[in-house]
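Reader: I should like to understand the terms applied to this structure. Please set each value against its definition.

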Amino acid sequence: MSEKEFEGLISSEVLRRKRKLEAFEGFIKELLQDAPFLSAAQIFDRLKENFPDLPEVSERTVYNTVHLVREREDLPKTLEPTRQMAKVPDCEYGEKAQVDFGEKWMRNAKGRQIKVHFMIMVLMRSRYKFVYMQNVPFTSRTTVFAHHLAFRYFGGVPKKVVYDQDRRMLVNENYGDYVMTDEFAKYVKSVGFEPVFCMPYDPASKGQSEAVVKYVKNNFLAGRTYVNIDSLNDEVLGWLERTGNGKVNSSTRLVPAEEFKTEQLELTPYVETMEEPELEAREYSIRKDNTLLYHSNFYSLPLGTYEGPGSKVLVVKNVDNNELEIYDPKDFSLITRHQISLLRGRYITKEGHASNRSRDILESEQILRTFFNEWDDDSLLSRFLRALKNDRPRYYRKSITSMAALLTDYDKTTAHTLLEMFAESKVYNANTMKEIAGQLADRMENLPKAKQINIGLSAVDITPEKRSINDYKDIIGKDEEDK
């Protein structure tokens, strides 16, 4: 055939190969029109998401199809649109302040780590700053007290104060309708400033306070040794005078302390008086068994509260209801409440906090610790329980339950001697423990149960003499070795 006939043949619809994703090119076109910055990989994922019957194709096929659609429809790839920033013009003197919170780990003279929490307030025009520190997280009440100290330090109150949407000030937010905590709402009304809450997850709208938080962490707190919180607050005031407010600001190129002389004249006079509140929230360590120790009692927490070494909760004592309120330090959300027990050595739990297995273990441990009055992690009982758990973890529940029933059936001196024997001889089998205890009772001709002695003797009369551990080994002799 002629050249013209051949060109007509190869361009005919009969011989043209159909592309695998030809049926989906309309969908790809719509995606690229709405978001021309999407990559071929992202479009491939959208195809899988929207078309379960998508034929098996390689990533290269998708790339070629996307490239074809871009060329045919003139949809070049663009960068994803980013938020455009503009410098906020300086506000008037005395108009606004910003508030933010921060925290940083410090070390004391013994090398122990202590977390310091602080609140900063900065006047937006002069950049004059105030910092207040605590060794426990801020609550609504202590946040109000920090405001009181800041306004007293400034000698007045600005018209507006800008905040994040923080639970220390806000209970709820519904598209601009803010419900403040009772404590904070009363203070705002009493002082007369206007609180302004930023959009959530928008740190750029509070750039000045964010910068001050970093400044405090990286300049004042860096490398400083923690002595106590009072001395730290004295030290930060000196730092503010020398550095924080005494040096030229990198943005305004002015000294905040000099600018503050002008701004202070525009602040509303502050006349409030307030006593320092007792710290209502204290940090407590979470034990591995999802409990916390409070005044010699163990209070249960929901399974999973313990997240590894260093796990903490915030505990608030509600005097009115005689309750412990336990909060998550990350967001101040309530974890659980417990009635405070007036007794000691108790395990206080709630329905759903632990499985039956965990509950049996915890109760048996509490029985033993209360009986021996040993709460220290380095005590003989604690060391033996750890060894027992490591030796036979699958049978730990049965072993400790049996052990609690066995030892508490004896007077404390005999029981403690038995515990010493079990620990030194590494006896971790509950049946072997029972046999040893029985042999001791028979061979020493001593009644193990104080409740069986009813002859009018005092507790001193029936307390057996404490023997050397070697005496007990001689009594058992080779019987124990044969086992």
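Author: This is a predicted model. Its largest nonpolar core has 31 residues, and those with the most contacts inside it are Met121, Phe151, Phe154, Tyr163, Phe184 and Phe193.

Reader: Which elements each supply at least two residues of this core?

Author: They are strand 1 (96-108), strand 2 (113-123), strand 3 (129-134), helix 5 (140-154), strand 4 (160-163) and helix 6 (182-191). Helix 5 gives the most, with seven residues. Another core, of 27 residues, lies apart from it; Phe384, Tyr410, Phe422 and Ala437 are among its members.

Reader: Why is His147 called buried?

Author: The term buried requires a relative accessible area under 20%. His147 has 0% relative accessibility, and therefore counts as buried. This residue is located in helix 5. Leaving aside residues up to four places away in sequence, His147 touches Val99, Met119, Met121, Tyr163, Phe184, Tyr187 and Phe193.

Reader: What makes helix 3 roughly perpendicular to helix 4?

Author: Helix 3 (residues 40-50) and helix 4 (residues 59-73) pack at an angle of about 105 degrees, and their axes are 9 Å apart. Angles of 65 to 115 degrees count as roughly perpendicular, so helix 3 is described as roughly perpendicular to helix 4. At this packing, Ala40, Ile43 and Phe44 in helix 3 meet Glu59, Val62, Tyr63 and Val66 in helix 4.

Reader: How do you know that strand 12 and strand 13 pair?

Author: Pairing requires at least two bridges between two strands. Five bridges join strand 12 (residues 312-318) to strand 13 (residues 323-327), so the requirement is met; the two strands run antiparallel. Val315 stands opposite Ile326 in strand 13.

Reader: What is the order of the four strands in the open sheet, and which are the edge strands?

Author: The order is 9-12-13-14, with antiparallel pairing. Strand 9 (281-285) and strand 14 (334-339) are the edge strands, since each pairs on one side only. From one strand to the next, the twist averages 30 degrees.

Reader: Where does pLDDT stay under 50?

Author: It does so over residues 446-464, for which the model has 17 contacts beyond four places in sequence. Where pLDDT is low, the predicted coordinates should not be read in detail. Among the elements of the protein chain, helix 15 (residues 459-462) has the lowest mean pLDDT, 40, whereas strand 3 has the highest, 95. For the protein chain, the mean pLDDT is 81, and 81% of its residues reach 70 or more.

Technical notes:
Residues are numbered from 1 along each chain as its sequence is written. This is a predicted model: local features need pLDDT of at least 70, side-chain atom pairs count only at pLDDT 80 or more; totals for chains, interfaces and linings use all residues. Side-chain values use heavy atoms; hydrogens and water are left out. Axes are lines fitted to C-alpha atoms, for helices over the stretch in contact, and angles run from 0 to 180 degrees between N-to-C directions. A nonpolar core is a set of buried Ala, Val, Leu, Ile, Met, Phe, Trp, Tyr and Cys residues joined through side-chain atoms within 4.5 Å. Buried means under 20% relative accessible area, exposed over 50%, partly exposed in between (1.4 Å probe, protein chains only). Contact means heavy atoms within 4.5 Å. pLDDT is the predictor's confidence in each residue, from 0 to 100. Angles under 35 degrees count as roughly parallel, over 145 as roughly antiparallel, 65 to 115 as roughly perpendicular and the rest as oblique.
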